[in-house]
Amino acid sequence: MKEWSIRGLIFSALFAGVMIALSFMRISLPFTTVPITLQTLAVMLAGSILGARYGTLAVLIVIGLCAAGFPVMGGNGGMAVLVGPTAGYILSWPFAAFLIGWFAERVGQSKFTFPKLLAVNFVFGSLLVYPGGVSWLAYAAHIDTLKGALTAGMLPFLPGDLIKAVLSAAVVTAVWQVYPIERILNTKLDVWSTDDKTLPGRH
């Protein structure tokens with residue numbers, strides 16, 4: 001089993017902090033208990049920049065802190081959040097971060113980097129989250145129809161998710177120019193070590 005790197009763990013903690021900070025940027029909608037937040041953007045960025053392992057860890061740190069009662073979800077915390085109407089979305093985030101990171105590690109830098117990252121972020125950072133999110137929302141909020149569940153938990157959020165995916169892809173494409181994902185993973189060395197040697201980027 002490959003080693004964890006100190007650098008990767010530090011970045012995971014930093015991105016957990018970013019995710020917590022972005023959770024406070026939210027807009028409540030009158031017709032649903034699901035707010036518009038930037039936490040999905042944080043999940044996309046964590047997976048894309050940190051890769052599968054460290055991106056997932058960043059999300060799990062936030063969920064763990066929430067479970068422990070810390071107000072890391074827009075000022076809310078505790079198990080009540082993790083069994084509330086939005087729990088399905090929250091518990092889908094680690095899977096989203098893992099898959100985004102897994103594909104990001106294999107994208108490579110080329111003229112197609114941006115559209116590839118855009119597709120990966122939107123499919124796994126947005127669409128993947130909705131089956132669990134909408135299903136649990138319908139159960140927790142006692143929504144009886146599929147149309148009602150989709151209206152309350154998915155359809156109004158898709159345009160914003162697309163914008164987040166575009167923003168994430170743009171940010172990550174720029175970041176990779178100066179800090180390629182190999183520096184987090186040390187994949188050029190075939191080991192996730194504590195060595196902080198600067199590694200060459202993809203060409």
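With a relative accessibility of 32%, P156 counts as partly exposed, because that class lies between the buried limit of under 20% and the exposed limit of over 50%. The model in which this proline is seen is a predicted one. P156 sits in the loop between α7 (146-153) and α8 (158-178), and, leaving aside its neighbours within four places in sequence, P156 is in contact with F31, L150 and T151. P156 and I36 are 120 residues apart in sequence, yet their C-alpha atoms are 9.3 Å apart in space.

From this loop the reader can turn to helix α1, which covers residues 6-23. At 1.5 Å a residue, the 18 residues of α1 should span 26 Å, and because the C-alpha atoms at its ends are 26 Å apart, the expected span and the model agree. The buried residues of α1 are R7, G8, S12, F15, A16, M19, I20, L22 and S23, and these buried residues pack against β1 (26-27), α2 (39-67), α4 (87-107) and α9 (182-185).

One of those partners, α2, also meets helix α5 (residues 113-127), and the axes of α2 and α5 come within 10 Å and cross at roughly 125°. The two helices are therefore oblique to each other, since an angle counts as roughly perpendicular from 65 to 115 degrees and as roughly antiparallel over 145. The crossing of α2 and α5 is right-handed. Where they meet, T40, M44 and S48 in α2 face L117, N121, G125 and S126 in α5, and by class this contact has two nonpolar, five polar and no charged residues.

Methods:
Residues are numbered from 1 along each chain as its sequence is written. This is a predicted model: local features need pLDDT of at least 70, side-chain atom pairs count only at pLDDT 80 or more; totals for chains, interfaces and linings use all residues. Side-chain values use heavy atoms; hydrogens and water are left out. Helices (H or I, at least four residues) and strands (E, at least two) are DSSP runs, numbered from the N terminus. The expected span of a helix is 1.5 Å times one less than its number of residues. Buried means under 20% relative accessible area, exposed over 50%, partly exposed in between (1.4 Å probe, protein chains only). Contact means heavy atoms within 4.5 Å. Axes are lines fitted to C-alpha atoms, for helices over the stretch in contact, and angles run from 0 to 180 degrees between N-to-C directions. Angles under 35 degrees count as roughly parallel, over 145 as roughly antiparallel, 65 to 115 as roughly perpendicular and the rest as oblique. A crossing is left-handed if the near helix is turned anticlockwise from the far one by less than a right angle, and right-handed if clockwise. Ala, Val, Leu, Ile, Met, Phe, Trp, Tyr, Cys and Pro count as nonpolar, Asp, Glu, Lys and Arg as charged, and the others, Gly among them, as polar.
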